[in-house]
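Subject: Structure for your review

Dear colleague,

Please find below the structure that I am handing over to you. I would be grateful if you would read the notes beneath it with the structure open.

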Amino acid sequence: MPNPSPIGVFDSGVGGLSILKAIRQQLPLEKLIYVADQAHVPYGPRPLEEVRRFSEGITRFLLAQGAKLIVVACNTASAAALHYLRESFPGVPFVGMEPALKPAAEHTRSGVVGVLATPATFQGALYASVIERFASGVTVLQDTCPGLVEEIEAGRAQGETTYRILQRALAPMLSAGIDTVVLGCTHYPLVIERIAEIAGAGVRIIDPAPAIARQTRRLLEQGELLREGKRPGRITLYTTGDPAALAGRLPALWGEPEPGGLPDGLPDGLPVSYARWSGERLRPHDTSTPV
């Protein structure tokens, strides 16, 4: 039977909006609830147990809003908590993130691949499993891009500091002969143009968002959970940080309106709601103000 319940999506901050946008393009009729845990961003340097606790709290909140499927749109949270969440909520379908090393290893010509991700992602068992399964015979170079998530969260994705961080990370990889870069953090697609500018035309950049959106559709189809209708579903955004700051950055993060009335986050009056984080739950802050 068609299911009108929303899809829940969460990340440590605004990075998961790259996933949200891909899901919206793939599933325009679905209602979406997004939680940006900006009070605790970045997750990357935090202990895995702490990230697991944050992820469980946000999951409980999304389930309380009726979420029929939850997308963990954060590589760090997936590494720290995805297995735990699936065990703790056995009846809930989860979609998680893992660095896209499989397509990178399959398509590399030079045999050298670069991965940009957070420290917690690289330290997690999920990443080790991906390396073991898919990276045999491939040289994998890694960089944690210190400070990059903070620059993106602060609205400085196009700033000089962002460029320097990416240049420092990519220069040695390019010297070593990479022909593929894997974006292992959902914040990083928000600076994909800067990465492409530094890497050059001969380097393929793998953005995980389209694959995550396709997997979300597959699970909904398998569970007969797709929403029916003619109008795009409502998108509701929650932040655990400053609602005004998030609202001010939405146009740059979401982009221009798409043909057919698909939401762009602002100009067509898409309703956006906010809440603040308190303890283990989100408290409404201004849930009626359209941005």
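The notes below cover the basis of the model, its two sheets and its cavities.

This is a predicted model, in which local features need pLDDT of at least 70 and side-chain atom pairs count only at pLDDT 80 or more, while totals for chains, interfaces and linings use all residues. Residues are numbered from 1 along each chain as its sequence is written, and side-chain values use heavy atoms, with hydrogens and water left out.

Helices (H or I, at least four residues) and strands (E, at least two) are DSSP runs numbered from the N terminus; two strands pair if DSSP finds at least two bridges between them.

One open sheet has five strands in the order β4-β3-β1-β2-β9, paired in parallel. Its edges are β4 (94–95) and β9 (235–239); each has a single partner strand, so one side of each is left without a neighbour in the sheet. Strand β2 (residues 32–36) is joined to β9 by five bridges, and Leu32 has Ile235 as its bridge partner in β9. Two helices pack on this sheet, with contact meaning heavy atoms within 4.5 Å. Helix α1 (residues 17–26) touches β1 (7–11), β2, β3 (69–72) and β9, and its direction makes about 175° with that of β2. Helix α2 (residues 48–64) touches β1, β2, β3, β4 and β9, at about 155° to the direction of β1. For such angles, axes are lines fitted to C-alpha atoms, for helices over the stretch in contact, and values run from 0 to 180 degrees between N-to-C directions.

Another open sheet is formed by four strands in the order β6-β5-β7-β8, again with parallel pairing. Its edge strands, β6 (139–143) and β8 (204–206), each pair on one side only. Neighbouring strands here are turned by 20° against each other on average, direction ignored. Strand β5 (residues 112–116) pairs with β6 over five bridges, and Val112 stands opposite Thr139 in β6. Helix α9 (residues 192–199) packs on this sheet, touching β5, β7 (180–183) and β8, and its direction makes about 155° with that of β8.

The model has two cavities of 30 Å³ or more. A cavity is a set of points, on a 1 Å grid over the protein atoms alone, where a 1.4 Å probe fits but cannot get out; lining residues have an atom within 4 Å of a point. Points are joined across faces, edges and corners, and a volume is the space filled by probe spheres set on them. The largest cavity holds about 70 Å³. It is lined by 13 residues, of which Ser12, Cys74, Thr76, Thr118 and Cys185 are the closest to its centre.

Yours sincerely

Note on methods
1 Å grid on protein atoms, 1.4 Å probe; cavity = no way out; pocket = protein on both sides within 12 Å on 5 of 7 lines; lining within 4 Å.
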